[in-house]
Amino acid sequence: MRQWREAPSPLAVFGKCGNLDLLVAVDAAAERLGLTAGLALAQARAMHPALTAMPEDQAADARLLEALADWCQRYTPLLAADPPDGILLDIGGCAHLFGGEEKLRDDLLARMTGFGFTARAAIAASIGAASAAARFSEAAITPTDDERDLLGPLPLAALRLSSDTVAALARVGLKRIGDILDLPRAPLAARFGAELLRMLDRALGREYEPLTPRLPVAPYIAEKNFHEPIAREEDVLATVERLATRLKAALAVRGDGARRLELALFRTDGVVKRIAAGTSRPVRDPQAIRALFVERLAALGDEIDPGFGFDLARLSVTIAEPCPDEQIGLGGHEDQAELDRLVDRLSARLGRRRVSRLVAHDSHIPELAVAALPAQAMARAELGWEAFRRFRVQADLSPRPLRFLARPEPIEDVFALVPDGPPVRFRWRRALHEVIAVEGPERIEGAWWSEEGGPARDYFRVEDKAGMRFWLFRAGLYRDMARALPRPRWFLHGMYA
Amino acid sequence: MGTPARSAFCSPAGAPAVLDRLRRELCAAEAATGLTPDGGAALGLGISAIDGVLSGGLGCGALHEIAAAHETETAAATGFALALAARQALPSCESAARTGASAVSTRITGRYLLWIAEDFSLAENGAPYGPGLDGAGIAPERLITVTAARDRDVLWAMEEALRCRAVGVVIGEMRSRGIDQVMTRRLALAAAAGDTLGLLLRTTPHDEPSAAATRWIIGTAPSFPRAGGGDERSHGLGPPRLTARLVRNRRGHLGAWIVEWNSVEQRFELATHSEPLAGTAFDRPHRAAVA
C-alpha cells in the first residue's frame, strides 16, 4: 500500500496479456492524459515518456482485497471478497446500526477514501444488481422491484458474463441488458448457454444467489465502537470484559458457553488484528474470559501494534457448546474447574498444541501407540488407557521406557555374538556402551500393509556397565540378507530409569 | 516452654527427643512466617536412613531440585522424580494398593501431575512415553504435558501450575544453565501456597544458590540381577538402581545412597546386597566370554 501511495504520478500498472504488455490500471493523473486500461504499454510510453509504469502483482492485489474485506467486517459479519476488485457485503439487518443504508454507504466510502482508495459502492436487493450498479452505474441505492430500470441501460458485461459470451451477443447486435430483457428465453439459452439466463435472473432477483461468507459467522457477537481510538492494553482488556459481560447474557439465554473466542480489533488505518483463545470447558464468566486474553496479549507482546489506536472492538464466540449451570464450591468439581482454568491459561500463553494429554491408540507400533493431543480438546474425552492396561496384562507386555525418542536414533559399532542376537556393545552419540544385561527380543512386526511400513523390529531392553538402561531395536534380520533385503540396522528408541 | 526443656536436658536419654521437638517447633515457626517454605506434609521415601536425614521426608509443599549426574543419566533422574510423584499420589488410595490384584495398580484418582519441559531437553533426552509411565505407576490420565521453547516459559508455567490446587506434582525439566535465585524463591513460595510438590528436573548438576528445600544428584547404578534368573547366557535386568546424592538439605544432614526402586510396592529400598565392586564380571559369564 505504502509503495503506491508514494509512487510518482502519472502512474500506470501493466500486466502481460499473451506476448503483449498492456496497461491494467492507471491513476487519475494518467487518466487525464488520456491513458486507459487496455492500452499497450509501448504505445502509452510513446505518448507520454514521463509515465511511470510498474508490473502488476496479482498475489499482492488479492491479499490487499482480503485485508480490506476483513476490515469491512465492521459493517457486517456476512461478506465475501469478489475478486479481482470487489467486496460483497450483506447488510440486511445491519444498516440501522449505522443510521440507515445511505449513511452506511457514505461512511464506508468516506473511510475508503481516507485510506487512499477510489471506491464505488451500490446497494441493491441482489448481488448481481448491486455488482452491476457499483461498476457500471451512478445509482447508489436501488429499491427492490426497480432492477429492470436500473439494469436496462447497462452494458451486458455488467451481468458478470464471460467475455466470450459478451462478444457473441455483441455480434448479433445485443449490447445492453435492456436488449435481452424481453427476448424469448428458450432461443437465448439455446444459443448463448444457460449461464446467460441464470446471471440475468440473479441480477433481477428472480433467482436467489447465496453469499458464501469469507469467514464463518460466529453464533455470538458483541462489539463496541470508540469515538476516541484506544491503544492501551488495559483499555483493551477492560473492553474485553465489558463485551464478555454482554455475551454472558446472550449465552445464558440459550444455555451455551464459549469454547473458542475471537477478539477482533479494528485499527483506524484499516488493519484488523485478530486474537483467538480457547477454553477446555464452556465458559461464560467475563472474568475468566478476560484472564484468557491477558495471557494471549502477554504472549503476543509487540505483535499487537496498536498504531494510532483501535476504533472498534468485537468479541465473538466462534465455538459455543451447551454449558450446564453448575453449583459452585461443592466438592470435587471445583478441582476440575481449577485445572481447566490452569490449562486454559497455559494454552493461551504458550499455544494450544503445547499443553497436551497423552492418548493411547490401539497400535502395536511403539511410536503410534500414544499421541499427545491438545489438553483443551481432550478435557472430557476418553483417553484409552484403561484398554491399554487390559492389553498390557493380557499380552504380558514387557516394560516400556519412560522416555521415548520421537525418531529412533541409529547406533553404530553394534557387536552381537550371533547375527540376530542381542548386542554386546554399541556406540550411541559417540559413547561406547558395554551391555551387561539383556532382555528380549520382543518382535514387533512392521506395518506390512503399508508401503512405508518398514521391516520387523526386534526390541531389546539392555543395561550397560554404568547401569544405564535403553530400549534398542534391530530393524530387519541378518538372515534376510540372503533374500536381497537391505542390511539390518540398529536403533535406540527409548530410555528406562 | 523453657522449664520442661531444661529438665529434659539433664537426662542424656531425653536429649534426642528434645532436639526433635525443638526442630519441629522451629519448623512450625518458620512455616508460619512463610519465609522458609519447605514445610507441608512429609513425603517419605520409604527408607528410614534417608527419611531420618530428611526429618521425616521431603516436604510436599516445597520445591526440590533433582539433577542428573550427567546428561545421559537424565532418564534415571526422571525415574527418581516420577517415583516421588507416584509416592505422592499413594496415601489417598493406600487400601486400593494393598488389595490390588495386578502387579502394578495404577492409580487414576488424586491430583494431577504436570510435566513441563523445554523443547530442547525433550529432543535430546526423549519425551515422556505414556505406556512406560503407566508401567511406572503414573496414570497417564492424570498427566498433562507442557512444552515450552524458552526456560523463561518453563519457569512461568511451573509457577502457575504450583499454585493450582488441582495439581499435586509439578515436574519442570530444564536443560539451560543458570536459574535466578529469585525465581526458585518464587517457585518455592508458589509450592507452599498450593501445597504442591515442585520438582525441578535438571539434566546436569548445578551449584548455584537456590531456594529449593533439597537438591539431589541422581546417577545410574548397575542393577542386581533378579534372584533365580535361570539362563546363564543372558540374565534379565534387575529392578532399577540409582545413586542418590543429597547435596543440599535445609532440614538436616546430607548423604549418598544407592537405592533400588521396587515397582511392585512403589517404594524405594536401600540396595544392600550388592555393592558393584567385584561381582559384576563374575556373575556374568557371557561378558567374560566376550572379553
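A:Asp396 is exposed, with a relative accessible area of 64%. Exposed means over 50% relative accessible area, buried means under 20%, and partly exposed lies in between (1.4 Å probe, protein chains only). The model is predicted: local features need pLDDT of at least 70, side-chain atom pairs count only at pLDDT 80 or more, and totals for chains, interfaces and linings use all residues. Residues are numbered from 1 along each chain as its sequence is written, chains are lettered from A and ligands numbered from 1 in the order in which they are written, and side-chain values use heavy atoms, with hydrogens and water left out.

## Backbone details

A:Asp396 has a positive phi although it is not a glycine. A:Arg430 is another residue other than glycine with a positive phi, and at 78% relative accessibility it counts as exposed. The table lists these two residues together with a glycine that follows a helix.

| Residue | Phi | Place in chain A |
|---|---|---|
| A:Asp396 | about 50° | loop between helix H15 (385-395) and strand E12 (403-410) |
| A:Arg430 | near 75° | loop between strand E14 (423-428) and E15 |
| A:Gly255 | about 70° | just after H12(A) |

Helices (H or I, at least four residues) and strands (E, at least two) are DSSP runs, numbered from the N terminus.

Cis peptide bonds also occur in chain A. The bond from A:Pro83 to A:Pro84 is cis, with omega near 5°, and A:Pro84 belongs to the loop between strand E4 (79-82) and strand E5 (86-89). The bond from A:Gly440 to A:Pro441 is cis too, with omega near 0°; A:Pro441 is in strand E15.

## Chain A as a whole

Chain A contains 15 helices and 18 strands. Its radius of gyration is 33 Å, well over the 23 Å that the globule rule gives for 497 residues, so the chain is more spread out than a compact globule. This radius is taken over C-alpha atoms, and the rule is 2.2 Å times the number of residues to the power 0.38. Along the principal axes, the C-alpha atoms fill a box of roughly 95 × 65 × 55 Å. Of the 497 residues, 45% are buried.

## Two helices

Helix H12 of chain A (residues 233-254) has 22 residues and reaches 31 Å from its first C-alpha to its last, close to the expected 32 Å. The expected span is 1.5 Å times one less than the number of residues. Among the buried residues of H12(A) are A:Val236, A:Leu237, A:Val240, A:Leu243, A:Ala244, A:Leu247 and A:Leu251. An α-helix has 3.6 residues a turn, so residues three or four places apart point the same way. The cover over the buried residues of H12(A) includes strands E6 (220-230), E7 (256-267), E8 (272-283) and E9 (310-322), and helix H13 (286-300), of chain A.

Helix H8 of chain B (residues 151-162) has twelve residues and reaches 16 Å, close to the 16 Å expected. H8(B) is mostly covered, since nine of its twelve residues are buried. B:Trp156 and B:Glu159 are among these.

## Buried residues with polar contacts

A:His433 lies in strand E15 (residues 431-444) of chain A and is buried, at a relative accessible area of 4%. A polar contact of 2.8 Å joins its side chain to that of A:Asp464. Such a contact is a pair of N or O atoms within 3.5 Å; within protein, one must be able to donate a hydrogen and the other to accept it, and residues adjacent in sequence count only if both atoms are side-chain atoms.

A:Arg357, in strand E10 (residues 355-360) of chain A, counts as buried at 5% relative accessibility. Its side chain reaches the backbone oxygen of B:Glu141 at 2.8 Å. Leaving out residues up to four places away in sequence, A:Arg357 also touches (heavy atoms within 4.5 Å) others including A:Leu373, B:Tyr112 and B:Leu143.

## Rings

The whole structure has 15 aromatic pairs over all chains. Rings of Phe, Tyr and Trp (its six-membered ring) pair if their centres lie within 6.5 Å; planes under 30 degrees apart count as stacked, over 60 as edge-to-face and the rest as tilted. The rings of B:Phe80 and B:Phe268 have centres 5.4 Å apart and planes at 40°, so this pair is tilted. B:Phe80 lies in helix H4 (residues 74-88) and B:Phe268 in strand E12 (residues 267-270) of chain B, so the pair ties together parts that are 188 residues apart in sequence. Both B:Phe80 and B:Phe268 are buried. Ring pairs link them with B:Trp216, B:Trp257 and B:Trp261 into a cluster.

In chain A, the charged end of A:Arg457 sits over the ring of A:Phe473, 4.7 Å from its centre. A charge sits over a ring if NZ of Lys or CZ of Arg is within 6 Å of the ring centre and within 35 degrees of the ring normal.
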